[in-house]
Amino acid sequence: MSVTMHITITTKDDCFDEFHALAKEELAFTKGFKDCISIQTSSSKDTNTLKFAEIWESEEDFDTYFAKRVERSGEDFGWL
């Protein structure tokens with residue numbers, strides 16, 4: 001059974017543009033996971049938010065991906 005994950009990231013005022021660019025680049029990493037069914041994104045500079053709705057084959061598949069995501073770019077979240 002698939003699972004949908006809703007993620008909202010709020011950046012500091014002066015970090016939105018840089019993080020938005022990084023997120024766009026990193027979408028390929030997420031989409032490259034075989035168990036990622038789809039990703040929908042939206043963003044708002046007015047509210048400094050990026051939103052992701054991701055559909056995964058299972059919660060375990062998402063957990064596996066997320067562990068790799070933290071390994072790969074966990075430091076990037078520190079300057080938000």
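A search of the whole structure, which is a predicted model, finds zero disulfides. A disulfide is a covalent bond between the sulfur atoms of two cysteines. Two cysteines of the chain can nevertheless be described by their surroundings: Cys15 has a relative accessible area of 10% and therefore counts as buried, the limit being under 20%, and Cys36, with a relative accessible area of 12%, is buried by that criterion as well.

The secondary structure of the chain consists of two helices and three strands, and these elements follow one another along the sequence in the pattern β-α-β-β-α. The radius of gyration of the chain is 13 Å, close to the 12 Å that the globule rule gives for 80 residues, so the chain is as compact as a globular protein of that length. Along the principal axes, the C-alpha trace spans about 40 × 25 × 15 Å. Of the 80 residues, 35% count as buried, and among the contacts between residues at least 6 apart in sequence, 68% join residues that are at least 24 apart.

With regard to the surface, the chain exposes about 5300 Å², of which carbon and sulfur atoms supply 50%. The chain carries 9 positive and 17 negative charges, and the mean positions of these two sets are 4 Å apart.

A more local view is offered by Phe16, which lies in helix α1, a helix that covers residues 16-31. The relative accessible area of Phe16 is 5%, which means that this residue is buried, since the limit is under 20%. When residues up to four places away in sequence are not counted, Phe16 touches Thr11, Ser43, Ser44, Lys45, Asn48, Thr49 and Leu50. For one of these partners, Thr49, the separation along the chain is 33 residues, whereas the C-alpha atoms of Phe16 and Thr49 are separated by 7.8 Å.

Asn48, which is also among the residues touched by Phe16, is found in the loop between β2 (36-44) and β3 (49-56). Despite this placement in a loop, Asn48 has a relative accessibility of 9% and so counts as buried. The backbone of Asn48 is described by a phi near 55 degrees, a positive value in a residue other than glycine. Taken together, the contact list of Phe16 links a residue of helix α1 with Asn48 in the loop between β2 and β3, and both Phe16 and Asn48 are buried.

Methods. Residues are numbered from 1 along each chain as its sequence is written. This is a predicted model: local features need pLDDT of at least 70, side-chain atom pairs count only at pLDDT 80 or more; totals for chains, interfaces and linings use all residues. Side-chain values use heavy atoms; hydrogens and water are left out. Helices (H or I, at least four residues) and strands (E, at least two) are DSSP runs, numbered from the N terminus. The radius of gyration is taken over C-alpha atoms; the globule rule is 2.2 Å times the number of residues to the power 0.38. Buried means under 20% relative accessible area, exposed over 50%, partly exposed in between (1.4 Å probe, protein chains only). Contact means heavy atoms within 4.5 Å. Accessible areas come from the Shrake-Rupley method with a 1.4 Å probe; for residues, only the protein chains shown count as cover. Lys and Arg count as positive and Asp and Glu as negative; His and the chain ends are not counted. The place of a charge is taken as NZ of Lys, CZ of Arg, CG of Asp or CD of Glu. A disulfide is a pair of cysteine sulfur atoms within 2.5 Å.
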